[in-house]
Amino acid sequence: LRRSAAIIRRSCIKGSHGASLLGALEAPIADHYWDRLGGTVLAPSQFMADLLTRDRPLRKVRRLELPWPAITEPGSVGPVRDSVLFLGRLAPEKGIRVVLEAWHQVSMDLPEVRLRVAGGGAQEQLARNFVAEHDIARVDLLGRIDRAGVEAELGRAIATVHAAQWYENSPFS
C-alpha cells in the first residue's frame, strides 16, 4: 500500500496522474501473481535486484548480465575519446538540466572535450533553449540515435554522465 501511494503521489509513470493511478492499482495485483506463480524476475542491475527483494525477500530475482562491449586498455589503438556522453530520455527525472548546468560550470576547464547528448523527449526543447540562452560551449544535442549510433558514441566517450533525480536503474546507459 505504501508503494502504491508513493506511485500516485510522485506521478511516477510518465509524469501522469492517470497513468500513475493505474500503475498503483496494478502493483499489488502483479505482486500477488508473481508470488503465486513463483516466477523469476530478471533484473538488469544489482540495484534493481535489491529493490525488488527489499520488501519481498522471498521473491526469486536473478540479475541479468547485459552484453557490454570489451573496454580497451588506455594507450591501445582505438577511437579518439573526446566527449562526455549523456545517453537517455530528455525528461526531468533523468536530470538533463543538471547535466547542462554542470557542463556550463566545468566546460571551460575541459577545452578539448565536448558534451554529447543522445536522446529525445519532453525536455529536448528546454535543453536546446538552455544551451542557447547560456551560450554553453561544445554541446552537441544529437536527438535519438540508433544502436550503431549508441555504440559509436560510447566508443568516443571518455565518460558517461548519469544525473537521475530519483531511483535510476540505467540498464542501457
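This is a selection-by-selection tour of a predicted model.

**Whole chain**

Start with the full chain coloured by secondary structure. There are 6 helices and 6 strands, and along the sequence they follow the pattern α-α-β-α-β-β-α-β-α-β-α-β. The chain has 173 residues, of which 30% count as buried. Take the contacts between residues at least 6 apart in sequence: 64% of them join residues at least 24 apart.

**Strands S3, S4 and S5**

Select S3 (83-87) and S4 (residues 114-118). These two strands pair in the parallel sense, over 5 bridges. To find the register, pick Ser83, whose bridge partner in S4 is Arg114. Now add H4 (residues 96-106). S3, H4 and S4 together make a right-handed β-α-β unit.

Next, add S5 (residues 139-143), which runs parallel to S4 and is joined to S4 by 4 bridges. Two pairs serve as markers here: Leu115 has Val139 as its bridge partner in S5, and Ala118 stands opposite Gly143. Between S4 and S5 the chain passes through helix H5 (residues 124-133), and this β-α-β crossover is also right-handed.

How many residues of S4 are buried? The count is 4 of 5, so the strand is mostly covered.

**The nonpolar core**

Select Ile96, Leu100, Trp103, Leu115 and Val139. These residues have the most contacts inside the largest nonpolar core, which has 16 residues. S3, H4, S4 and H5 each supply at least two residues of this core, and H4 gives the most, with 4. In soluble globular proteins, nonpolar side chains tend to be buried together.

Centre the view on Ile96 and show its surroundings. Setting aside residues up to four places away in sequence, Ile96 touches Phe86, Leu90, Ala91, Val117, Gln123 and Ala127.

**The loop before H4**

Move to Pro92, in the loop between S3 and H4. Draw a distance from its C-alpha atom to that of Ala122: the separation is 8.2 Å, although the two residues are 30 apart along the chain. Beyond its neighbours within four places in sequence, Pro92 is in contact with Gln123 and Gln165.

**Arg116 and the salt-bridge network**

Select Arg116 in strand S4. Is this residue buried or exposed? Arg116 has a relative accessibility of 11%, and it counts as buried because the cut-off for that class is under 20%.

With neighbours within four places in sequence left aside, the contacts of Arg116 are Ser83, Val84, Leu85, Phe86, Asp140, Leu142, Glu153 and Arg156. Show the side chains of Arg116 and Glu153, which make a polar contact at 2.6 Å. Then add Arg114 and Asp140 to the selection: Arg114, Arg116, Asp140 and Glu153 are linked in a network of salt bridges. Side chains of opposite charge can pair when their charged atoms come close.

**Other salt bridges**

The structure holds 8 salt bridges. Three pairs are worth a separate selection.

- Asp82 and Arg156: their side chains meet in a salt bridge with an N to O distance of 2.9 Å. The pair links distant parts of the chain, 74 residues apart, with Asp82 in the loop between S2 (60-63) and S3 and Arg156 in helix H6 (residues 147-156).
- Glu101 and Arg97: this salt bridge also has an N to O distance of 2.9 Å. Both residues lie in helix H4, 4 residues apart, about one turn of the helix. Glu101 is partly exposed at 34% relative accessible area, and Arg97 is partly exposed at 38%.
- Glu151 and Arg147: here the N to O distance of the salt bridge is 3.3 Å. The two residues are 4 apart in helix H6, separated by about one helical turn.

For the last pair, colour by accessibility. Which class does each residue fall into? Glu151 is partly exposed, with a relative accessible area of 49%, whereas Arg147 is exposed, at 66%. The two labels differ because exposed means over 50%.

How values were computed: Residues are numbered from 1 along each chain as its sequence is written. This is a predicted model: local features need pLDDT of at least 70, side-chain atom pairs count only at pLDDT 80 or more; totals for chains, interfaces and linings use all residues. Side-chain values use heavy atoms; hydrogens and water are left out. A salt bridge is a side-chain nitrogen of Lys or Arg within 4 Å of a carboxyl oxygen of Asp or Glu. Buried means under 20% relative accessible area, exposed over 50%, partly exposed in between (1.4 Å probe, protein chains only). Two strands pair if DSSP finds at least two bridges between them. A crossover is right-handed if, with the strands pointing away from the viewer, the path from the first strand over the helix to the second runs clockwise. A nonpolar core is a set of buried Ala, Val, Leu, Ile, Met, Phe, Trp, Tyr and Cys residues joined through side-chain atoms within 4.5 Å. Contact means heavy atoms within 4.5 Å. A polar contact is a pair of N or O atoms within 3.5 Å; within protein, one must be able to donate a hydrogen and the other to accept it, and residues adjacent in sequence count only if both atoms are side-chain atoms.
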